[in-house]
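Please open the model in your viewer and keep the selection panel at hand, since this tour proceeds from one selection to the next.

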Amino acid sequence: MKNAFLSLAFLGLMASCSQQTAVAPTQPTEQKVAYQKSVRLAGNSLGLKVAQIADSRCPINARCITAGAVKVQFEASAQGTTQAVDVTLPAYPEKPVETSFTINNQTYRLTLNEVLPYPEAGKEIKLEEYTVQVSVEKQ
């Protein structure tokens with residue numbers, strides 16, 4: 001009986017230890033990132049740079065055949081490794097666009113919330129004027 005109690009106590013201790021060492025996903029870190037600028041996200045484990053923006057959204061006060069979209073290419077970097085992550089946001093999204101990527105055996109979920117400014121008819125937007133609202137979460 002004493003051995004059974006000790007065995008159960010040992011198993012309980014082992015179970016609680018395994019629960020404490022489990023890694024929970026981080027909370028999403030939302031950031032505004034300017035074109036060609038970098039930020040640290042996901043608990044500082046990931047660098048993210050807005051590398052390219054291709055905006056084909058139909059400008060405000062214009063008539064277009066399609067609403068268009070804006071494509072953003074990010075450069076994700078962690079521990080000396082860099083990779084491209086492409087995300088396309090429709091002109092009038094019903095919800096943010098999400099994509100997952102893995103770098104150095106760590107998976108992240110990137111959510112593209114907004115790309116500003118929105119094009120206006122007759123106004124040219126320089127790439128340096130763009131900001132991207134993005135959040136990243138470790139999986």
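Begin with Tyr92, which is exposed, its relative accessible area being 59%; bear in mind throughout that this is a predicted model. Add Tyr118 to the selection, and you have a residue that is buried, with a relative accessible area of 18%, a value that falls under the 20% cut-off for that class.

Now display both side chains. The structure holds 2 aromatic pairs, and here is one of them: the ring centres of Tyr92 and Tyr118 are 6.0 Å apart and their planes stand at 25 degrees, so the pair counts as stacked, given that planes under 30 degrees apart are classed in this way. Colouring by secondary structure helps with the next step, because Tyr92 belongs to the loop between β5 (81-90) and β6 (97-103), whereas Tyr118 belongs to the loop between β7 (106-116) and β8 (131-138), and the pair therefore ties together parts that are 26 residues apart in sequence.

Select next Phe101 and Tyr108, whose rings have their centres 5.5 Å apart and their planes at 25 degrees, so that this pair is stacked too. Are these two residues buried or exposed? Both Phe101 and Tyr108 are buried.

Finish at Thr111, which is found in strand β7 and is buried, with a relative accessible area of 9%. Which residues should be shown around Thr111, leaving aside its neighbours within four places in sequence? Thr111 is in contact with Pro96, Val97 and Glu98, and also with Gln133, Val134 and Ser135.

Definitions and conventions
Residues numbered from 1 in each chain as written. Predicted model: local features only at pLDDT ≥ 70, side-chain atom pairs only at ≥ 80, totals over all residues. Heavy atoms only, no water. Phe/Tyr/Trp six-rings, centres within 6.5 Å; stacked < 30°, edge-to-face > 60°. Helix = DSSP H or I, 4+ residues; strand = E, 2+ residues; numbered from the N terminus. Buried < 20%, exposed > 50% of the residue type's maximum accessible area, 1.4 Å probe, protein only. Contact = heavy atoms within 4.5 Å.
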